[in-house]
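Dear colleague,

I am handing over the structure we spoke about, and below it you will find notes on its salt bridges and on one helix packing. Please read them with the coordinates open.

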Amino acid sequence: MTVEKDGERYSIISGHRRYAALKTLIEAGKLEPDAGIDCIVKTYSDELERTAGNLLANDGQPLTADEWAAEIARLAEILKHEKGFISQIATTLGKSENYVSRLYSTSEKLNDKAKILIKEGKVGMNLALLINKGSKDEALTSLGVQLAAAAKAK
């Protein structure tokens, strides 16, 4: 397991399933509650490094485009006052600037209704990316309506 020390506690970065398995063994009486386990303790210098560590360490299930978009948007909100923040995010996450820029610009144009439809899995972020591909700012003004129509047709 990989953890990060947070005050007096530790937060799991990767190894959530291993932790769940250990809890199951303890509850079943097959492992003592105070049994030690080996962990890698990580220290991060800032939120960008922490998020990149979390995203890149949790590779058991690949992230969807909307999960990447949500994290990129969150990081952009923190870093947008810095020059070249898209490049900084892309480099840290090991993604192309084009990918990060497209996800960020698309997620910025989504209205609340569209974000809910994507989060609920009724339509995918890939549809929003396709609509946004090569478009200008006006192209996604009615994205919520388009996504709602796609969700009804599903």
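By about how many helical turns are R74 and E71 separated in helix α3? The two residues are 3 apart in that helix, which covers residues 65–79, so about one helical turn lies between them. Please bear in mind throughout that this is a predicted model.

Salt bridges

R74 and E71 form a salt bridge in which the closest N and O atoms are 3.1 Å apart. Both partners are partly exposed, R74 with a relative accessibility of 32% and E71 with a relative accessible area of 24%. This pair belongs to a wider arrangement, since salt bridges that share partners join E4, E47, R50, E71 and R74 into one network. In total, the model contains 5 salt bridges.

Within that network, R50 is bridged to E4, with 2.9 Å between the closest N and O atoms. Because R50 belongs to helix α2 (residues 47–57) while E4 sits in strand β1 (residues 2–6), this pair ties together parts that are 46 residues apart in sequence. The two ends also differ in their surroundings: E4 is buried, at a relative accessible area of 12%, which falls under the 20% limit for that class, whereas R50 is partly exposed, at 25%.

R50 has a further partner in E47, and here the closest N and O atoms lie 3.0 Å apart. E47 and R50 are both in helix α2, 3 residues from each other, so that about one helical turn separates them. E47, with a relative accessible area of 26%, is likewise partly exposed.

Packing of α3 and α4

Helix α3 also packs against helix α4 (residues 85–93), at an angle of about 130 degrees and with 10 Å between the two axes. The two helices are therefore oblique to each other, and the crossing of α3 and α4 is right-handed.

Which residues make this contact? From α3 the contributors are W68, I72, L75, A76 and L79, and from α4 they are F85, Q88, I89 and L93. Sorted by character, the residues of the contact of α3 with α4 comprise 8 nonpolar and 1 polar, with no charged residue among them.

Taken together, α3 holds the salt bridge between R74 and E71 and also packs obliquely against α4, so both parts of these notes can be followed from that helix.

With best wishes

Note on methods
Residues numbered from 1 in each chain as written. Predicted model: local features only at pLDDT ≥ 70, side-chain atom pairs only at ≥ 80, totals over all residues. Heavy atoms only, no water. Salt bridge = Lys/Arg side-chain N within 4 Å of Asp/Glu carboxyl O. Helix = DSSP H or I, 4+ residues; strand = E, 2+ residues; numbered from the N terminus. Buried < 20%, exposed > 50% of the residue type's maximum accessible area, 1.4 Å probe, protein only. Axes fitted to C-alpha atoms, helices over the stretch in contact; angles between N-to-C directions. Parallel < 35°, antiparallel > 145°, perpendicular 65-115°, else oblique. Left-handed = near helix turned anticlockwise from the far one by under 90°. Contact = heavy atoms within 4.5 Å. Nonpolar A, V, L, I, M, F, W, Y, C, P; charged D, E, K, R; others polar.
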